[in-house]
Amino acid sequence: MGADEAVEAIQREMTVFARRARASAGRMHPELSLVSYTLLGHLEESGGCRATDLAAHYALDKSTVSRQVAALERARLVERRLDPDDHRVQVLHLTEPGRRILAQVTDSRRAAFRERLAGWAEDDLERFADYLLRYNSWTPQQGDG
């Protein structure tokens, strides 16, 4: 397989991966879309952040994030708090129910990944993880070099 064919295969398989991830998100928790799940995960990891930070981190439109955050607030999974350093800014934080649901879905997703990767050698898993980290760490500025 040449480089062009490899790039096409990567694009095709990443599309399949994304479609499966979206479909499985609903099965993991019916009220939690894949986007909502990733936003909750980032809020937990970061200890809270602004909606604009979420939009920038995931390269999402601000209106998309706004709709998702509003739905998460209605479900009482996130709450807004004033930034202690700048009272003009609101920071999003997970609520206790948000933490519980995120933990449940994370456990389910982790189990699904472990099942799917059960037959893989440790070297293959490490190489795959390294490639994904490398792929996802790319930024448009790196392409300008």
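Which helix gives the largest share of the lining of the largest pocket? Let me keep that question open for a moment while I say that what we are looking at is a predicted model, and that I will take the pocket before turning to a pair of helices.

The largest pocket holds about 2600 Å³ of space, and of the 45 residues lining this pocket, those closest to its centre are Phe-17, Arg-109, Phe-113, Leu-132 and Asn-136. Several helices build the lining, since at least two residues each are supplied by α1 (3–28), α2 (34–46), α3 (51–58), α5 (96–116) and α6 (122–137). The answer to my opening question is α1, which contributes 13 residues, the largest share of the lining. If we sort the lining residues by character, we find 27 nonpolar ones, together with seven that are polar and 11 that are charged.

Now to the helix pair. In general, two packed helices are described by the angle between their axes and by the distance between those axes. Here, α3 packs with α4, the helix of residues 62–74, at an angle of about 125°, and the two axes lie 9 Å apart. An angle of that value is why α3 is called oblique to α4, and the crossing in which α3 passes α4 is right-handed.

As for the residues that meet, α3 brings Ala-51, Thr-52, Leu-54 and Ala-55, while α4 brings Lys-62, Val-65 and Val-69. Within this contact of α3 with α4, five residues are nonpolar, one is polar and one is charged.

Technical notes: Residues are numbered from 1 along each chain as its sequence is written. This is a predicted model: local features need pLDDT of at least 70, side-chain atom pairs count only at pLDDT 80 or more; totals for chains, interfaces and linings use all residues. Side-chain values use heavy atoms; hydrogens and water are left out. On a 1 Å grid over the protein atoms alone, a cavity is a set of points where a 1.4 Å probe fits but cannot get out, and a pocket is an open set with protein on both sides within 12 Å along at least five of seven lines; lining residues have an atom within 4 Å of a point. Grid points are joined across faces, edges and corners, and a volume is the space filled by probe spheres set on the points. Helices (H or I, at least four residues) and strands (E, at least two) are DSSP runs, numbered from the N terminus. Ala, Val, Leu, Ile, Met, Phe, Trp, Tyr, Cys and Pro count as nonpolar, Asp, Glu, Lys and Arg as charged, and the others, Gly among them, as polar. Axes are lines fitted to C-alpha atoms, for helices over the stretch in contact, and angles run from 0 to 180 degrees between N-to-C directions. Angles under 35 degrees count as roughly parallel, over 145 as roughly antiparallel, 65 to 115 as roughly perpendicular and the rest as oblique. A crossing is left-handed if the near helix is turned anticlockwise from the far one by less than a right angle, and right-handed if clockwise. Contact means heavy atoms within 4.5 Å.
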